[in-house]
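Please look at the chain below as a whole before turning to one of its helices. The report that follows starts with the surface and then moves inwards.

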Amino acid sequence: MEEKYQNFLSTDFVVFDIETSGLDPLKDEILEIAGLKLHGEEIIGRFEALVQPTRSIPPEAEKIHGLNEFFLLVNGRKSQEVLNDFFAFIGEAIVVGHNIKEFDWLFINGQAKKLSLPLPQNKLIDTLELSRKLLPLPFYNLTNVAKFFGLEHKNAHRAMADVEVNTKVFIGLMKKLFGVNPVK
């Protein structure tokens, strides 16, 4: 397992998260994208962007993440510009996230299609799937998985706060997977 862990340490990953205006990647919009680029366990880059909405944000979505239209229109950028920058940021890295296969990556692909951008072909690692395979927990939301590793998850549902916690979770899961400094 030590050799596989050494391979992990020499690989580039981007742990990312998004906040959206709803749950449907076909009709709802990405409002925020954040990511940390890792070389193994070392953070080598940071990406944060707010996106200007093209439609009103439902009050129930705003309650979850606190992002409102006025704030995003003033502080955000156009979706195409943000996605182009994000794709440049991730490059060829393996993309990591919590429930990205069933949520975040669907939004990224859906938005790319709407904007006629080339679809990213990056490999994906879903920390939700990994957690289910490696950890004996009753629930696998990010806050609960973070607690398993002794981490506090403050500011849940803001992209960078979720990314920072999930980066530590990802590293913990990799160590557990490879039997290096196993936790619990």
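The accessible surface of the protein chain, calculated by the Shrake-Rupley method with a 1.4 Å probe, comes to about 9600 Å², and 53% of this area belongs to carbon and sulfur atoms. The model is a predicted one, in which local features need pLDDT of at least 70 and side-chain atom pairs count only at pLDDT 80 or more, whereas totals for chains, interfaces and linings use all residues. Residues are numbered from 1 along each chain as its sequence is written, and side-chain values use heavy atoms, with hydrogens and water left out.

Some values for the whole chain are listed here.

| Property | Value |
|---|---|
| Span of the C-alpha trace along its principal axes | about 50 × 35 × 25 Å |
| Share of buried residues (under 20% relative accessible area, 1.4 Å probe, protein chains only) among the 184 residues | 52% |

The protein chain holds eight helices and five strands, which are DSSP runs numbered from the N terminus, with at least four residues (H or I) for a helix and at least two (E) for a strand.

Helix H6 (residues 127–134) shows how burial is arranged within one element: its buried residues are Thr127, Leu128, Leu130 and Ser131. Because they cover an arc of only 160° around the axis, taken from the directions from the helix axis to the C-beta atoms, they lie on the same side of H6. The face turned away from this buried side carries Arg132 and Lys133, which are exposed, meaning over 50% relative accessible area. The buried residues of H6 pack against strand S4 (94–97), strand S5 (124–126), helix H7 (142–148) and helix H8 (159–178), where a contact means heavy atoms within 4.5 Å.
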